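This report is meant for someone meeting the structure for the first time. It begins with the overall form, then turns to the sheets, and ends with the nonpolar cores and the helices around them.

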Amino acid sequence: MTKNLRWKVITILAVTAIAVWAFYPPQQKVRLGLDLKGGVHLVLRVQTDDALRIETEASSERLRETLSGKGINVTIAPASPTEFRVEGVSVDRDQEFRRTADEEVGTVYNRESGARGTYVYRMKPNVAIQLRQDSVTQALQTIERRVNELGVAEPIVALHGTAADQILVQLPGVSDVARAKEIIRSTAMLELKIVESGPATSREELLKASGGKEPPEMQVVPGVSAATEGGRAETVYYTVRRVAAVTGRDLRNARPTLDENNQPAVSFSLNREGARKFGTVTGANIGRQLAIILDGRVQSAPTIEGRITDEGRITGSFTQQEAADLSLVLRSGALPASLTYLEERTVGPTLGRDSIRAGVYASITGLLLVALFMLAFYKLSGINALVSVAMNLVILLGFMAYIGATMTLPGIAGFILTIGMGVDSNVLIFERIKEEMAAGKGARAAVAAGFDRVFLTILDTHVASLIAAAFLFQFGTGPIRGFATTLFFGLLSNVFTAVFVSRTIFEMVLGRRTAAKLSI
């Protein structure tokens, strides 16, 4: 064996060894997609109008408080997700009102003057666009944290489509679809507010003292009574301050626990700023009720018995699973907007196993038919083609495992297509060698000429297919990307095995014979 040939053999063995190391054991290193492993496929839309509405409500409330502090009493009411109206500005306080409003909300809203002290504040278009983008990004990050807390292996959470407000979620191996959906879509907005009055059995009873209307700085929130009658919980109402003392943004951690009655509950701790605010509020309101509000519903309203700084507990009619899930969503943060489901598919693990089995059977059947054809048509040279095709599959598996690509059902189709292209390349080379030998050349010269003259043809066809695979990956989604990934790396390894490996095997065979002959 010449020195050049020896290095070729070492290179081939090294590439093979690295590929085997990359994917072995395949159960641990080859990622299976949703269609093979089973699980949940969801497409969600972020209702970005919610984020705009929250910003408008918060801004209008902040402006109202500032004006009230300066003795400027006006009526402020949100009119849509992007605008709010101000009415009742007196003529003598008009300039002061405008200056205060410009300082408070002027960077976010444009002002339009109306008649008799009326103003409309409309959100600036660039601010609205940025808020929508931020809400989608924040929702994506929150869902990622929740999915990671679920312990799902190899989940996919990514932007989806061209509308820029859709999120794709794939959870391989998840069978409890309802629980996964509830955890993902739960808004989990936590607010702690001082109770001004209540509980009452009806909203009307609660608002009787204020003439049937909510006071501007107050709001009525429903909840569930602690006591039950006949085993049924009753809906009760509380009047609470509109501005929360502490919100979910001040949370440091949350975990499931048990309350004093040994019932499931959720304990939470606050960050430094939250603890400071919580200590101030509870210290100033000892003996009053504190409403713990989750997603606009009072979960409990305990009496403040002393100054509390950094810890609290949410009690209610939780099961252990509900307490664990609530802890999970609180730890991962609140969603900035609600979600709607556009698409939902569930793939059972049995179907996934059937898909793998069918794909393996198809690949083996294809390989056997190819082996019979190559051996029958090209005699011993057919073994050369089979070795290169087998190496092609080993290298492809190694590629897929090393880069962490997900194997899908279309990916198996890509494997089978790769087998076909590998055989096609070998057929091109072998036919050219036979032509060279028919023209009177010796075996070594025919092999050299066959590979040299077919190389550009193989390269052309593979480059064209690589470009097609790249476009499929760029513009495709889900299974199409899986197919494109397998095809792309299969084509690269096919060039290496069909040209380099196959030629090296021919050189090894012919180099050991004095009178070189080729069975082809």
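The model shown here is predicted, and its protein chain has a radius of gyration of 35 Å, whereas a compact globule of 520 residues would have one near 24 Å. Along its principal axes, the C-alpha trace of the protein chain spans about 110 × 55 × 35 Å. The chain holds 15 helices and 19 strands, and of its 520 residues 42% count as buried. The protein chain exposes about 26800 Å², of which carbon and sulfur atoms supply 56%. Among the contacts between residues at least 6 apart in sequence, 69% join residues at least 24 apart.

**Two open sheets**

One open sheet consists of 4 strands in the order 3-4-6-5, with antiparallel pairing. Strand 3 (75-80) and strand 5 (109-113) stand at its edges, and because each has a single partner strand, one side of each is left without a neighbour in the sheet. Neighbouring strands of this sheet are turned by 25 degrees against each other on average, direction ignored. Strand 3 is joined to strand 4 (residues 83-87) by 5 bridges, and within this pair the bridge partner of Pro-78 is Phe-84 in strand 4. Helix 4 (residues 48-69) lies across strand 3, strand 4, strand 5 and strand 6 (119-123), and the helix runs at about 170 degrees to strand 3.

Another open sheet is formed by 3 strands in the order 13-14-17, and here too the pairing is antiparallel. Its edge strands are strand 13 (251-258) and strand 17 (311-314), each of which pairs on one side only. In this sheet, neighbouring strands are turned by 25 degrees against each other on average, direction ignored. Helix 10 (residues 320-332) packs on the sheet and touches strand 13, strand 14 and strand 17, with its direction making about 175 degrees with that of strand 13. Within the pairing of strand 13 with strand 14 (residues 264-270), Asn-253 has Ser-269 of strand 14 as its bridge partner.

**Strand 8 and its partners**

Strand 8 (residues 166-172) has 7 of its 7 residues buried, so it is largely enclosed by the rest of the structure. Gln-166, Leu-168, Gln-170 and Pro-172 point one way from strand 8, while Ile-167, Val-169 and Leu-171 point the other way, and all are buried. In a regular strand, the side chains alternate between the two faces of the sheet.

Strand 2 (residues 39-46) runs antiparallel to strand 8, and Val-43 has Leu-168 in strand 8 as its bridge partner. Strand 7 (residues 156-160) also pairs with strand 8 in the antiparallel sense, with Val-157 standing opposite Val-169 in strand 8. Strand 7 and strand 8 form a hairpin with 5 residues between them, and Gly-161 in the turn has a positive phi of about 75 degrees.

The bridge counts of the strand pairs described so far are set side by side below.

| Strand pair | Bridges |
|---|---|
| Strand 2 and strand 8 | 7 bridges |
| Strand 3 and strand 4 | 5 bridges |
| Strand 7 and strand 8 | 5 bridges |
| Strand 13 and strand 14 | 7 bridges |

**Nonpolar cores and the helices around them**

The largest nonpolar core has 33 residues, and those with the most contacts inside it are Phe-430, Ile-433 and Leu-518. At least two residues of this core are supplied by each of helix 11 (349-378), helix 12 (381-403), helix 13, helix 14 (443-475) and helix 15 (479-511). Helix 13 gives the most to this core, with 7 residues. Leaving aside its neighbours within four places in sequence, Ile-433 is in contact with Ala-446, Val-447, Gly-450, Phe-451, Phe-506, Leu-518 and Ile-520. Apart from this core lies another, of 24 residues, among them Val-246, Leu-251, Val-281 and Phe-318.

Where along helix 13 (residues 409-438) does one find a residue that is not buried? Leu-409 has its place in that helix, and Leu-409 is partly exposed, because its relative accessible area is 37% and therefore lies between the limits of 20% for buried and 50% for exposed. The C-alpha atoms of Leu-409 and Leu-510, 101 residues apart along the chain, are separated by 41 Å.

Key. Residues are numbered from 1 along each chain as its sequence is written. This is a predicted model: local features need pLDDT of at least 70, side-chain atom pairs count only at pLDDT 80 or more; totals for chains, interfaces and linings use all residues. Side-chain values use heavy atoms; hydrogens and water are left out. Buried means under 20% relative accessible area, exposed over 50%, partly exposed in between (1.4 Å probe, protein chains only). Two strands pair if DSSP finds at least two bridges between them. Axes are lines fitted to C-alpha atoms, for helices over the stretch in contact, and angles run from 0 to 180 degrees between N-to-C directions. Contact means heavy atoms within 4.5 Å. The radius of gyration is taken over C-alpha atoms; the globule rule is 2.2 Å times the number of residues to the power 0.38. Accessible areas come from the Shrake-Rupley method with a 1.4 Å probe; for residues, only the protein chains shown count as cover. A nonpolar core is a set of buried Ala, Val, Leu, Ile, Met, Phe, Trp, Tyr and Cys residues joined through side-chain atoms within 4.5 Å.
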